[in-house]
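I opened this notebook page to record what I looked up, starting with the ligand site and then moving to the chain itself.

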Amino acid sequence: MEHCTVLILAAGQGTRMRSSLPKVLHPLAGRPLLGHILTTVRQLHPTRLIVVIGHQADRVQAAFDDADIFWVYQAEQLGTAHAVRCAMPELTDQQGELLILSGDTPLIELQLLQALLLLHRQENNGVTVVSMTQERPTGYGRIVRDGQGQLQRIVEEKDASCEERLITEVNSGVYCVSLRGLFGWLEQISAENAQREYYLPDLLALAVREGCAGVLHHADALSLAGVNDRQQLSILERALRDKLVADWQRRGVTFTDPASCWLASDVVIGPDSIIEPNVILGGATIIGEACHIGPFCEIQHSQIGDACHIKGFCHLEEAILDGKNEVGPYARLRPGTVLAEGARVGNFCELKKAHIGENSKINHLAYIGDTTMGRGVNVGAGTITCNYDGQKKHQTIIEDGVFIGSDSQLVAPVRIGEQAVIGAGTTVTKEVPAGALAVSRVTQTHIANWHKRKN
Ligand code: UD1
Ligand code: CA
């Protein structure tokens, strides 16, 4: 298909969100609203991708520092037609069609945009609008047709008569416009309406007058739904979640209770993995093949290798698991945790900036931070790396095959040589040579007949 120019309107404040964050930056399945649309339209390979910004423009622009976007600044938000007019300097050297989308319609699909372009060209239209049916059309512009069903115009809700408000065919805010007519039509749009704004939907009536208007009715209203308030945002969050889950189910992932799991758009899950109820997978998390994620786990920005078992109630953030790892229940892996193949972390353990070697085990109640640990290490219950002296963080190095007895403290910086053994209850403050036994406990003594003496 021939290329087209794409224009996305994203200058509005999003008043109805009642937020200090610009509307198009609100996350949906972990990605800003505008990010969803950009991902979709890029697949059309537009000759130019233009985004109109205004309200908190710097913040919106900074969130997408992609070189392919032409940013246009609309200083005052005088309406959607005015926003398009602001983009004219970027449009005068473009030819063919312009696709206009709203930054707040995140679930728009590539196939629809392709169908819109096709219809527009086949019918030789000047303006083609995508419409949908909304049983509760509140907030949308209504498509007004005459008695014969012929297109007339779009009327905004605030300007509509009581009768017009009953119309359920509404404007989706997605348009295809022939660039050769656009400039002339924009000049004819006035702000004489209830909101004193320049309405882009007025394009339709102008094209109707010239006999070159068309409408593409799209049955999937959800994919065209706009986000104006937080309720609509949550409806789309759920809808997108259902879609993402269904996509992964098709690719061989089991969700025992799909309705209770939440996935970000960028998550990837390998086949034969099982996701138990109430799991949250966020960021660009990657789950390998044949993994088992237990109930109530939250995993953010992490890479989980094949055949890992993460038992219930674990929290992982920026962690890397190489594969065949067992974690939890109730484990917390903080940023910088790396588990080599076969390493195990059990209940009530916290790890941070810790590289754990192959087949090492930290099974109960431990804190391991700023640590490099070799292979086959056994860390006893209650072991703590004392990595912070109140001012600085220090490293702990634990070499291959070390055995650390329960309730030991390793005061960093410190190194424990290969195959060394730390006796239970030891406070290690200096380097332990390879193969040595370190014990710092006071020798146990007995005072006989203590019980009798007390009475
Ligand atoms: C708009 C349409 C309505 C349609 C609905 C579909 C108008 C006048 N109305 O209404 O017919 O049914 O979308 O979702 O167009 N924007 C700017 N600059 C401005 C004003 C808006 O860039 O001066 C941007 C906003 O950031 C937003 C988009 O345009 O991304 C749509 O604006 P919004 O205020 O949400 O319009 P709606 O009331 O939803
Ligand atoms: Ca809107």
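**Ligand site**

I first listed the shell of ligand 1, counting a residue as near if one of its heavy atoms lies within 4 Å; of the 24 residues around the ligand, those that come nearest are Gly 12, Gln 74, Thr 80, Glu 156 and Asn 171. I note that this is a predicted model, in which local features need pLDDT of at least 70, side-chain atom pairs count only at pLDDT 80 or more, and totals for chains, interfaces and linings use all residues. Residues are numbered from 1 along each chain as its sequence is written, chains are lettered from A and ligands numbered from 1 in the order in which they are written, and side-chain values use heavy atoms, with hydrogens and water left out.

By class, I found 8 nonpolar, 12 polar and 4 charged residues in the shell, where Ala, Val, Leu, Ile, Met, Phe, Trp, Tyr, Cys and Pro count as nonpolar, Asp, Glu, Lys and Arg as charged, and the others, Gly among them, as polar. I then sorted the shell by helices (DSSP runs of H or I, at least four residues) and strands (E, at least two), numbered from the N terminus. At least two residues each come from β1 (5-10), α3 (80-86) and β10 (169-178), and β10 supplies the largest share, 3 residues.

For polar contacts (pairs of N or O atoms within 3.5 Å), I noted three that involve an oxygen atom of ligand 1. One lies 2.6 Å from a polar backbone atom of Asn 171, another entry puts a ligand oxygen 2.9 Å from a polar backbone atom of Gly 141, and a third puts one 3.1 Å from a side-chain N or O atom of Asp 104. With accessible areas taken from the Shrake-Rupley method with a 1.4 Å probe, the protein covers 90% of the 760 Å² that ligand 1 has on its own.

**Salt bridges and backbone**

I searched the whole structure for salt bridges (a side-chain nitrogen of Lys or Arg within 4 Å of a carboxyl oxygen of Asp or Glu) and found 18. In one of them, Asp 266 pairs with Arg 31, with the closest N and O atoms 2.6 Å apart. Asp 266 lies in the loop between β13 (262-263) and β14 (268-269) and Arg 31 in strand β3 (residues 31-32), so the pair ties together parts that are 235 residues apart in sequence.

I also recorded a cis peptide bond from Gly 328 to Pro 329, with omega near 5°; Pro 329 is in the loop between β24 (326-327) and β25 (332-333).

Methods: A polar contact is a pair of N or O atoms within 3.5 Å; within protein, one must be able to donate a hydrogen and the other to accept it, and residues adjacent in sequence count only if both atoms are side-chain atoms.
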